[in-house]
Amino acid sequence: MPAVVVVGLQWGDEGKGKIVDFISEKADLAVRYQGGANAGHTVVLNGRTYRFHHLPVAALRGKHVCLASGMVIDPVKLIEELESLSREGIRPRLTIDGRAHIVLDIHKLLDEAEESSGKGVGTTKRGIGPAYTYKCARVGVRFSDLADTESIKPRLKKAIDMARALLSGVYNMDAELDVERVTQFLHEVTSRLGGYIGDVSLLVNETLDRGGFVILEGAQGTLLDIDHGTYPFVTSSNTTAGAACNSVGIGPKRVDEVIGVAKAYATRVGKGPFPTEMEEPVASTVRERGREYGTTTGRPRRVGWFDAVAVRYSIMLNGVTSVALTKADCLAGIDPVKVCLAYELDGQEIKSFPSSPYVLERCKPVYAELDGWEALSREEKLAALKGNFDALPKQLREYVDFLESLLACPIKYLSIGAERQETVIR
Ligand code: IMP
C-alpha cells in the first residue's frame, strides 16, 4: 500500500481537510508534516463542524495520527485540541516526533510584536515564524529535550536573551522573561504530552515496509512555501510534497501518489500579490457562499478567480498525480466565471509564475470567461455522488473539463458540498 501526500496548490484553505478525511478510511497512519497551529483544517460530519489546528483530520476516524519532525507545535493549543476531541468521545492514538519543535510564549510575543509594528505580512500570530527562526538559529526546544531540561538551560538562556534583545531593540517593548518560567512550562508540557513522544520517521517507514497505507497531510499551500512561494509573503515552512519526505523522515521514492487540492476559485489571507483578486460585489458574494473566513483567526479571506498559471506551477513543484477540486458548488449563480490563462507583463504574455512578488504584483491576468451554472439540485447531487458525473449541470462539467485541460493533470475528485460524502470521484 502507498504513501500519499495531500498538498494545497494555492495559498492554503483549499479544503485539504475534507479530502484527507475522505481518503483516510483505510489509512494505517496519518501524519501532519509541517507548520503548526497556524493551520485550520475543517471537516463537516453529519452537520457538525470539526476544526483541527495540529492533528491530522484522520483523528476523527480514530486513526493513529502523528505530528512529524518538521512541525512547530504549540503544546497549549494541542492540549486544547485533544481535550475538545475527547469531549466528543474521540481519543486518537497520537505520536509526536521527538525532533519536532515546541512553540514557546517568546515566539508568540515576537510574532505579535512584528504584526503590531504594522510591518508584518499578516501572520496568524501563532509564533510560527519565530519558532522556525529559532530552530534554524539552533536555539529552539524540541520535544526530545523535555527528557532533560537541565542540559538545555544554556540554550534556553540564549533563546530568552535573543527575544529580550529583539523585543526591546527592534520593537521597543519590555517583557518579563526568565528561564525558570520557561522551564516550569516545559515541565507542564512533559506531564501532559510526554507520553505521546516517539519516532514518527521509524513508525512511518516500518508501516510502509509492512505494506501499510500512510497519508502525509500538508498545511497551508504551495504558494506560501518559504522557498517557492511569494516570498516574503509566505509562511515559514516548506509546504510542498518534497518537503513532506524530509519533514517526516522518509526517502522520496516511498511516495506513490501526490494529491493536489485546489479550490474552484482562489483565496488568500494576509498580505502579498494576488493577480486574480476579484472585484466587488462578486468577491463578497463568493466570500459569503464559501464562508471564506480564517479557521484560525476569523479574518475575511481575499477572494479571486481560479489562476491556472499559479496552479500549474504548483502541480509542477509537487509532482501532482491527481487534483481534487473543491467548492465548485460555491460558484453557482455567478455568471460568467473567469479563469486566468496567462499573465500580461510589460506588454508580453507569460505563462510561467514569476519568482519575484514585485513582478507578480505587476502581472495582469488574461482571462477566459465561461458560462456559470445554477445551484445543484438534490437530485443532481445524489446522481453525481452515485457516479453519474453527467448529472451535474453542463456548464459545471465544462468548467471542470476546461481546468483539467489547462492543468494537464486529471481532476480525480470534485467536492460539491461541505459534508464528507459530498465528493464525486471522476
Ligand atoms: P504564519 O504562517 O502565521 O507565519 O503566516 C504567514 C502567512 O501565511 C500569512 O499570510 C498567513 O495569513 C498565511 N497563512 C498561514 N497559515 C495559513 C493557513 O492555514 N491558511 C491560509 N493562510 C495561512
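At what angle do helix H2 and helix H6 pack, and how far apart are their axes? The points below take up this and other features of what is a predicted model.

1. Helix H2, spanning residues 75-87, packs against helix H6, spanning residues 179-193, at an angle of about 30°, and the two axes are 11 Å apart. Because angles under 35 degrees count as roughly parallel, H2 is described as roughly parallel to H6. The crossing of H2 and H6 is left-handed.

2. On the H2 side the contact with H6 is made by Pro75, Val76, Leu78, Ile79, Leu82 and Glu83, while H6 contributes Phe185, Val189, Arg192 and Leu193. Sorted by class, the contact of H2 with H6 has 8 nonpolar and 2 charged residues, with no polar ones.

3. A second helix pair is formed by H3 (residues 105-116) and H5 (residues 153-169), whose axes come within 10 Å and cross at roughly 20°. H3 and H5 are therefore roughly parallel to each other, and their crossing is left-handed. Here Ile106, Leu109, Leu110 and Ala113 of H3 meet Ala159, Ala163, Leu166 and Leu167 of H5, and by class the contact of H3 with H5 has 8 nonpolar residues, no polar and no charged ones.

4. Turning to the strands, 10 of them form an open sheet with mixed pairing, in the order S9-S7-S5-S2-S10-S1-S11-S15-S19-S20. Strand S9 (197-198) and strand S20 (423-425) stand at the edges, and each has a single partner strand, so one side of each is left without a neighbour in the sheet.

5. Within this sheet, strand S15 (residues 322-326) and strand S19 (residues 411-415) pair in the parallel sense over 3 bridges. In this pairing Val323 of S15 stands opposite Ile411 in S19.

6. Helix H1, residues 16-23, lies across several strands, namely S1 (3-8), S10 (214-217), S11 (255-263), S15, S19 and S20, and runs at about 160° to S1. As angles over 145 degrees count as roughly antiparallel, this value puts H1 roughly antiparallel to S1.

7. An unreviewed UniProt entry places the feature "active site" at Asp13, His41 and Lys135. These residues are spread over 123 residues of sequence and are also spread in space, with up to 25.7 Å between C-alpha atoms. Asp13 is found in the loop between S1 and H1, and H1 is the helix described above as lying across S1 and other strands.

Conventions
Residues are numbered from 1 along each chain as its sequence is written. This is a predicted model: local features need pLDDT of at least 70, side-chain atom pairs count only at pLDDT 80 or more; totals for chains, interfaces and linings use all residues. Side-chain values use heavy atoms; hydrogens and water are left out. Axes are lines fitted to C-alpha atoms, for helices over the stretch in contact, and angles run from 0 to 180 degrees between N-to-C directions. Helices (H or I, at least four residues) and strands (E, at least two) are DSSP runs, numbered from the N terminus. Angles under 35 degrees count as roughly parallel, over 145 as roughly antiparallel, 65 to 115 as roughly perpendicular and the rest as oblique. A crossing is left-handed if the near helix is turned anticlockwise from the far one by less than a right angle, and right-handed if clockwise. Contact means heavy atoms within 4.5 Å. Ala, Val, Leu, Ile, Met, Phe, Trp, Tyr, Cys and Pro count as nonpolar, Asp, Glu, Lys and Arg as charged, and the others, Gly among them, as polar. Two strands pair if DSSP finds at least two bridges between them. UniProt positions are given in the numbering used here, feature names are shortened, and annotations may be inferred rather than shown by experiment.
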